[in-house]
Amino acid sequence: MGRRGTPGPHGEAADADTDGEAEAGQAVGAGAEEAEEAEAWPPGAGPGPPLWRLPEELLLLICSYLDSQALGRLGQVSRRLQRFTSRDLLWRPIARACLNSGFTRHGTDLVTSIPVKERVKVSQNWRRGRCRQGTLLKWRRNLMPWMQLEGDCLYLSQAEDIHAYQLCPDGSSLHRRPLAIFSGHEEDVCRFVLASSHVVSGGGDGKIGLHKINGTFSIKFSAHEQEVNCIDCQGGVIVSGSRDRTAKVWSLSSSQLGQCLHTIQTEDRVWSIAISPLLSGQLMTHLGRDFHRGAGVLDVLYETPSTLLSCGYDTYIRYWDIRTSSQKCVMEWEEPHDSALYCVQSDGNHMLASGSSYYGVVRLWDRRQRGCLHAFSLSSPTSSPVYCLRFSTTHLYAAVASALHVLDFKTP
């Protein structure tokens, strides 16, 4: 049994590997007779294997010093030990140091339906770049699709409509017949969000659409003089940004729907927008300074009320903490091939994923390192940006100009 590895130079536990389960016999050296004997004696009982004479609290303390490889091997000694070492309590500290294991930086578990041990196993595939690529959908003409993932339902914009697809239990395929289609725009949908049981969309026709997800209510209203490039909705408030160099604030309440509450004049086209979780209702600050012309931000993502990520034409992912400074980012990662970055997503802890402007390149990043971990080209030999990506703890979905791709990290 080895002690849990001390954090390496990038803060990750030393080689948290569960592959050692296959080496059980050599790892612990317990024979069949010992295993049968262990089965017969619960922790704290009288005569029996010395390990089982210890109180359960002490066993938990001992096991808490093991890394994932040692825990996996110990679990092969007997069925009782397998059950004991599979407890979420033992795997939770290991999972928090892993990539995309479903835990936020503050330890909140976002995926309670999947055992933590199983998530740690899949996390090793994310770290090593082991996955199986597939194509879920194709369409005939090039589009600029946007996407949202909510549970086992994937929402995808296709031209003027938004389709809701049911994912199959394996996560690597979907039912081709949409669960619902949300229509109403006269030109392509640019961006959309899911909020308050509604689909809120902005289109190239300068209008905002509002659709009830589980109902027939649907409405649209004129919002901007040119296309609505970006939109967000939270806490009964809608914000939109447009090519007409304005950002506008709207109310989601039925009594004020379609009435602009506030207009913010900008010096250039608004490509991305996000509402702070604080919901202060005010323009808090401006991020950055001295950006060269054309360094537009194409995606912005709040992680907490005071920290957010951005990416764009200048090839950088930036991490901002407005408690420290709104003028200079805390960390930044550069796209190694000098490509614009169209989208960025985070697991809320250590992992980032970005979509590049050429050849459908998706990159995985560990924010404890400067360079990217892995890159996957999804549209070669033809070139297309990754317009949008979303991921769960087991799969990553990426939308390019003519197809929707999946990377399966659960069964590579």
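This briefing covers the overall make-up, the nonpolar cores and one helix of the structure. The model is predicted. Its protein chain contains seven helices and 24 strands, and 50% of the 412 residues count as buried.

**Overall make-up**
- Among contacts in the protein chain with a separation of 6 or more, 51% join residues 24 or more positions apart.
- The exposed area of the protein chain is about 19,600 Å², and 50% of that area comes from carbon and sulfur atoms.

**Nonpolar cores**
- The largest nonpolar core comprises 26 residues, and Met 147, Tyr 155, Leu 156, Tyr 397 and Leu 404 have the most contacts inside it.
- At least two residues of this core come from each of strands S1 (132-138), S3 (153-158), S4 (161-166), S6 (189-195), S23 (395-399) and S24 (403-408).
- Strand S3 gives the most to this core, with four residues.
- Leu 156 touches, among residues more than four places away in sequence, Leu 137, Trp 139, Pro 145, Trp 146, Met 147, Asp 161, Ile 162, His 163, Tyr 165, Phe 192, Ala 399 and Leu 404.
- A second core, separate from the largest one, has 20 residues, including Val 122, Met 351, Ala 353 and Val 400.

**Helix H6**
- In helix H6 (residues 88-96), the buried residues are Leu 90, Trp 91, Ile 94 and Ala 95.
- These residues lie on the same side of H6 because they cover an arc of only 125° around the axis.
- The cover over the buried residues of H6 includes helices H3 (56-63), H4 (68-74), H5 (79-85) and H7 (116-128).

Conventions. Residues numbered from 1 in each chain as written. Predicted model: local features only at pLDDT ≥ 70, side-chain atom pairs only at ≥ 80, totals over all residues. Heavy atoms only, no water. Core = buried A, V, L, I, M, F, W, Y, C linked by side-chain atoms within 4.5 Å. Buried < 20%, exposed > 50% of the residue type's maximum accessible area, 1.4 Å probe, protein only. Contact = heavy atoms within 4.5 Å. Arc of directions from axis to C-beta. Areas by Shrake-Rupley, 256 points an atom, 1.4 Å probe, with all protein chains shown as cover.
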